Each structure stands twice: as C-alpha cells, then as structure tokens.
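Trainee: Hi, could we go through this one together? I'd like to start with what we mean by our words.
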Amino acid sequence: MSGPGFLLSTWPWRSAGYLLTGAVTGAVTLVTIAAMAAAGAVLAIALVGLPLLVLAALSGIPVAWVERRRMRLIDQSPAVDQHRAPAAHGLWAWLTTRMREQATWRELGHALLFAVLLWPVDALVVAVALLAPLSMVATPLLMCTVGGGQEVKVLKLWTVTTWPAAFAMAVLGVVLLGLCGYVLGVVAGARAALTRVLIASREADLDTRVVELTRSRLRLVDAFEAERRRIERDLHDGAQQRLVVLTMTLGLARLDVPPGPVADQLAKAHEEADQALAELRELIHGIHPKVLSDHGLPAAVADAADRSAIPVDVKLALPGRLPQAVEAAAYFVVCEALTNIARHSGASRAEVSGGHRDGRLLLHIRDDGRGGADAAAGTGLTGLADRVSALNGRISLSSPPGGPTLLRVEFPCVRTDPDRSA
C-alpha cells in the first residue's frame, strides 16, 4: 500500500472482493448455524436433534476451509490446515479426532464471531467505501437516464439539478474512490490478519513446521541407518569374501613354494592379507555389527562388553526387538561410552543395565573410575548427546570427582517384536 502504484494495481479490487465475499459468506453462515442449532435444540428431546447439534459444533471446519481460500485474494502466504489425520479410517474415527482437537473449537469460535459480528462490518465497509463513491461517479449517467436530465438524488442525501453539479459530483466520487481504495486495503488486511490468528495462526504454523522437521529428521536417521547396513552387507559379502579367498590362496601357495626369497615374499604377503582381513572385519563391525541385526541390542551389547578393555557386567532385559534406528543408536552410545571409560576413567570395572518401560528404552552405564567427566572436555560426550537427540532422546551425566560415573540415556520407542508370552 505504500507504493505509488497501489491504486492502479489489482489490490484495491481484490480487497473489495474479499470483503464482499465475506459479507455473503457470513450471512450464509449465520443462517446455517442458527437453523441447525434451533432445529437441534427442538429435536434434542427425541434424540433426533443430537446429530444436528454435532453438525453445528463442527460447522467451523467448513467455514474455516472457505476462509483459507478467500484469504488467497489478499494474503500470499498460505494458511495451513491445523487438523490432524485420523488414526483410523471411518466416520467415527474422523469425528472423535475432530471433537478432541483444539483447532475444531477455535474454528467454531471464529465461525460464531464471523456470523454475528464480522460479516456486517464487511458489508458496511463495502457499502461505504465502494458503493457510495461509485454511486457518486455514476451521477451524470443517472441524471441522463433515471432523472430525465432534470434532477437526480445522490445517495438519497443530495439533489443534483444541473449538469455542472453532476459532473462535479462525479469528480468528487473519483477522488473518494481513490481514498477509499486505501480504506478497503487496510480493512481487508486487518480482517485477514484476524482470521489468520483465529484459524491459521503463525504459531500453529510454526508448530506444524516443527513437527514436520522432527519427522524429516527421523526419516533421515532411518535412511542413514539403512545406508550403514547396506555398506556393511556389501563389505561383508563382497570385499571380505575376496580377502578370505586371497588369504587362502596365498596360504596354499606358501605350501607349494620351496624355501627362499619367493617363499619369504609370499609369507609377508600372507601376513599383510591376514592383517587387512582383520582390519576390514573390525571396520565392518564398527559400521553396523551383524549381531545387532540378527539378535538385537542385548546380544550386541554383550558382544561389545566382551571386546572391552575392562570387565563389563551386562544387565540388559529386553524381551522384544526395538526399532532399528533406536537399536543402532543405543548400541553405538554404549560402545562410545565403554571406549571413554577405558581411555579416560581409570576404572577397573563397568556395568551396562537397563530395559524398556513406559514406552522408553532406558540405559544406565556406570563405572568405578575417578569421575570428573565433563562434556565440554571433548571426551566424546557431545557426540553421544547429538546421536541421542536425533531420536528425541535424552542423556544425563553424573560424574562427581572421585566417582562413580553414571551415564543415563533414554529413547522414546515402542517394541516392534514384543514378547508374545507377556
């Protein structure tokens, strides 16, 4: 509106169209809601009117749907529908979902305000800021046709009897029409802002975006874990098998070659191949251990405890399988924690315990070391926190000087393969 070309653009007419359609839609909304509420109240005694009362309570949903599309006339940013998709199919699931949503009642409040107050304001503004100036602009035409060239009443307030006065009234109408173009823009913008607050607030849009970002992050985590498993399978079934064949071939060649320089070179090549095979197996295990995919988190944690540099007691009770992303994240958190304990804590023993309760995987990793662990000291705790938070989990650390140190990790999840005997 601050630009010089506002009056020559389509915005004044789009604002007028928004307010005019609002007056028509509001009148229809008033009649519809009043009719359903009255009929439902009268017939409620016979229980026939209850569905009408339910429809009256849900009337804000179609009104809000229409309002979101009307807002496109003057608001370029899309208004997001705040309703959730029902958890199941069918009318009853849809009805119960809508009746429990805050958005449904917020839209009903908007519909009632729209039907009682807002649409008369729209109609009044259109009548004063658009129809009145247009009537003044049409004064010469009205005097020529309706007035027979003698006189004509303008807005039923002023009587024009001469042609100069008629043309002066038309010029005044053009000036007022330009000024009223700004009035239409201001009122339409305020109406759209109020509608957005009531049925499509930016805070609700932000909540929707946060939910979508959370879901996209979880999808990325799943895709990342799937890619890790694919790389592990390719290395396990491809490169590792070729190295095994190469090692066996070099071993057989050593048996057929007499002692000498060639035999020494074959022995050295055989040792290098064995070392490369061992390093590849360790790499495969670090990418995604096969025991985790085949036997689940408890077996994988037990395997990590066996390979730890210090004794580790495992007390992990999980009767079923967990989502693959959660199992992978929990496993690597345990491995990183055990590595930190072995390198930095000076502990003689560690313990990994936990289980699944109340929809959460709980892990406790403790050691009897010197304590004083600090996430800001670069000991890998920051990486653990990032891995846990990617799955909406939480991590807490208790490590007073002198020990013991306790790392507590929580993952929200449900068992994908629960214990059938439970």
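Mentor: Happy to. Buried means under 20% relative accessible area, exposed means over 50%, and partly exposed covers what lies in between. Keep in mind that this is a predicted model.

Trainee: Good, so what share of the residues count as buried?
Mentor: In this chain of 422 residues, 38% count as buried. The chain exposes about 23600 Å², and 65% of that comes from carbon and sulfur atoms.

Trainee: How many helices and strands are there?
Mentor: The chain has 13 helices and 7 strands. As for contacts with a separation of 6 or more, 69% of them are between residues 24 or more positions apart.

Trainee: Let's move to helix packing. At what angle do α1 and α3 cross?
Mentor: Helix α1 (residues 11-43) and helix α3 (residues 60-70) cross at roughly 175 degrees, and their axes come within 11 Å. Angles over 145 degrees count as roughly antiparallel, so α1 is roughly antiparallel to α3.

Trainee: And which residues meet there?
Mentor: From α1 you have Y18, T21, G22, T25 and T29, and they meet V63, V66, E67 and R70 of α3.

Trainee: Switching to charges: how many salt bridges does the count come to?
Mentor: The count comes to 12 salt bridges. One of them joins the side chains of R68 and E107, at 2.6 Å from N to O.

Trainee: Which helices do R68 and E107 lie in?
Mentor: R68 lies in helix α3 and E107 in helix α5, so the pair ties together parts that are 39 residues apart in sequence.

Trainee: Are R68 and E107 buried or exposed?
Mentor: Both R68 and E107 are buried.

Trainee: What about R98, which residue does R98 form a salt bridge with?
Mentor: R98 pairs with E101, and their closest N and O atoms are 3.3 Å apart. R98 has a relative accessible area of 9%, so R98 is buried. E101 is buried as well, at 3%.

Trainee: Then there's R321 and E327. How far apart are their closest N and O atoms?
Mentor: Those atoms are 2.8 Å apart, in another salt bridge. R321 counts as partly exposed because its relative accessibility is 22%, whereas E327, at 3%, counts as buried.

Trainee: Which residues do shared salt-bridge partners join into one network?
Mentor: That network is made of R360, R394, R408 and E410.

Trainee: Let's go to the surface. Which residues form the nonpolar patch?
Mentor: L30, L113, V116, L117, V121 and L194 form the patch, and together they have about 460 Å² of accessible area. Helix α5 (residues 102-137) gives the largest share, 4 residues.

Trainee: Where is L194 placed?
Mentor: L194 sits in helix α7 (residues 163-199). With a relative accessible area of 34%, L194 is partly exposed.

Trainee: One last residue: in which helix is V137 found?
Mentor: V137 is in helix α5. Its relative accessible area is 30%, so V137 is partly exposed.

Trainee: Which residues does V137 touch, beyond those up to four places away in sequence?
Mentor: V137 touches A170, G173 and V174. V137 and L177 are 40 residues apart in sequence, and their C-alpha atoms are 8.6 Å apart in space.

Definitions and conventions:
Residues numbered from 1 in each chain as written. Predicted model: local features only at pLDDT ≥ 70, side-chain atom pairs only at ≥ 80, totals over all residues. Heavy atoms only, no water. Patch = residues over 30% accessible without salt bridge, like charges linked within 9 Å, V, L, I, M, F, W, Y side chains within 5 Å. Areas by Shrake-Rupley, 256 points an atom, 1.4 Å probe, with all protein chains shown as cover. Salt bridge = Lys/Arg side-chain N within 4 Å of Asp/Glu carboxyl O. Helix = DSSP H or I, 4+ residues; strand = E, 2+ residues; numbered from the N terminus. Buried < 20%, exposed > 50% of the residue type's maximum accessible area, 1.4 Å probe, protein only. Axes fitted to C-alpha atoms, helices over the stretch in contact; angles between N-to-C directions. Parallel < 35°, antiparallel > 145°, perpendicular 65-115°, else oblique. Contact = heavy atoms within 4.5 Å.
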